[in-house]
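Biologist: I should like to learn how to read the strands and the nonpolar cores of this model. Where should we begin?

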Amino acid sequence: MIEVSGLSKRYGTYLAVNNVSFSIEKGEVVGFLGPNGAGKSTIMNILTGYLSLTQGKVEIDGFDIVDYPEEAKRRIGYLPEIPPLYIDMKVREYLNFIYDLKKVKFPKKPHIDEIIRLVKLDQVQNRLIKNLSKGYRQRVGFAQALIGNPDVLILDEPTVGLDPNQIIEIRNLIAKLGKNHTIILSSHILSEIQAVCKRVIILNRGEIIADDTPENLADKLSKDRSLMIRVAGAEDDMLSALRTVEGVQRVASLGVKETGTCDFHITPREGADIREGVFRCVSAKGRALLSMTDNALSLEQVFLRLTGAADNEEARRMLGFIETPAEPATEQKEDEAE
Amino acid sequence: MSAIFKREFRSYFTTPVGFVVLAIYYFFLGLYFSMLYSYGSPDVPSVVMAMSTVVMFTIPVLTMRLMSEDRRQKVDQALLTAPVRLSGIVFGKFFAALAVFAIGFAPSVIFEIIVACLVKVNVLAYLYALFGILLLGGAMIAIGMFISSLTESSFIAAFLSLIVNILVLYMSSLASIVKVSWIATLMQKAAFISVFESFGDEVFSVADVVYFVSIIAAFLFLSIRSLEKRRWA
């Protein structure tokens, strides 16, 4: 549906987007993640034909955005960071205008009625946009993007500045639309991406540093698959019992953090899944397992690690995209030991 | 184009701008007409011809927000990502402003009818004057729209447009201080006022029409380029 290859954008001497390539299939919901200035909005603006590209190729449903802008734009609904609203118009009047502007073929009134219902604008459809709250303005922006029922929706930080209820509503809406639209969504709220996207593209300094599912990203980055558990009762012989569990490499006692319980930190051997074994061991001792958390990274931690990396090379190395010189390093250590 | 035209035209009347400009035109048209009428020489073409200064002052008000406001409110993102050509956007806006301007001269039709009921009139002379003022207004609107596309501030757009309007309309008056003779001649001939006044002569001159039409075309083209250039910035 969306094919981007070798995309670069230069502002004077500043390279805002550097050789970015990705491809998005029909029906995918993809999240763009990155710190401010990573190039998320710039890429979105290029995809929608608002900005020109310096180098590379962008195709929407087979139509090149440079050579066939009208065909490509017809297939895209765009909600920019700041919703593009004429504040001196009424909501319905504005949506009628966008309908005319996009030269939509569907019957006008039912189509706009449907969108108004979908984004819950019924209450305000005859009010001036000027007088609407930020949440409603955002919805009008959303409605604007939906007019003409485009296959691709590009949403630049759709929930920014909304209250928690509105955020949930918009998120549900995105999930609903995701069933029959291809969606690209940018955000710096990680939980949002995690909630609605099956695929994340992490951008930093104009380059893609990761492109995967949120779970895989967390997996790749967390070398540490250790568990933290809390067991009811005193420590006693728990430590030695846990050490006997199949696949356990090391167990450390963390002492008492809550009266009447004790905590342990368990490190498994490479590749072993010890969760069930730990549970059975604790229950065999007649104890209650009160909590078990694994140290898998949340997307938030993934993001911080990647964008906090010294440079994009290092970030890619963390993900194993580039072969790490890690093994030679350990060999060296062994050499020294000898 | 029609969507943009409709929206822009309507926006002149959802804000006071359209009404204020129309009121100014109606006031001065009425004033000039009643003055001439009371002197006993109700010549509607000269009423229209007398409006050039009023036009010069009011066009910037019509054009100041035309492009700058879209950019300031970021609505241009909706326009430029919609499946429309840049020329469609520019033409739509231009004709919306021109339509409001043309409505401003509607009362002159009534004046002409009143006069025609009383004496024999040269309708052609009136139509020619009307055509002239539309071309003059069109040229100033095109220039003003281009200036508006260069800035995000409607105030700066209005101010610059006014200065440019004064210069292009009356540059013939400055010709005397220019030492180089061919530039002085050019300034005299090319001043909008010199070209416009020939429309009051009841003689149809293709050259004058072509002059204004080319000015309009040139500045519409520049406005399109100015939108296009922003994509490359």
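Modeller: Let us begin with an inventory: chain A holds 13 helices and 14 strands. Please keep in mind that this is a predicted model. Of the 338 residues of chain A, 37% count as buried.

Biologist: How do strands of a sheet pair?

Modeller: Strands of a sheet pair through backbone hydrogen bonds, in either a parallel or an antiparallel manner. Here, an open sheet of 4 strands in chain A follows the order β12-β13-β11-β14, and its pairing is antiparallel.

Biologist: Which strands stand at the edges of this sheet?

Modeller: Those are β12 (248-255) and β14 (289-294) of chain A; each has a single partner strand, so one side of each lacks a neighbour in the sheet. From one strand to the next, the twist averages 20°.

Biologist: Over how many bridges do β11 and β14 of chain A pair?

Modeller: Strand β11(A), residues 227-232, pairs with β14(A) over 5 bridges in the antiparallel sense. V231(A) has L289(A), in β14(A), as its bridge partner.

Biologist: Which helix packs on the sheet?

Modeller: Helix α10(A), residues 275-284, does so, touching β11, β13 (261-268) and β14 of chain A. Its direction makes about 165° with that of β14(A).

Biologist: Let us turn to the cores. Which residues touch the most other members of the largest nonpolar core?

Modeller: In that core of 139 residues, they are Y94(A), A143(A), A139(B) and A142(B). Helix α9 of chain B (residues 123-148) supplies the largest share, 15 residues. Apart from this core lies another, of 12 residues, including V231(A) and V278(A).

Notes:
Residues numbered from 1 in each chain as written. Chains lettered and ligands numbered in written order. Predicted model: local features only at pLDDT ≥ 70, side-chain atom pairs only at ≥ 80, totals over all residues. Pairing = 2+ DSSP bridges. Helix = DSSP H or I, 4+ residues; strand = E, 2+ residues; numbered from the N terminus. Axes fitted to C-alpha atoms, helices over the stretch in contact; angles between N-to-C directions. Contact = placed C-beta atoms within 7 Å. Buried ≥ 20, exposed ≤ 12 C-beta atoms within 10 Å, placed from the backbone. Core = buried A, V, L, I, M, F, W, Y, C linked by C-beta atoms within 7 Å.
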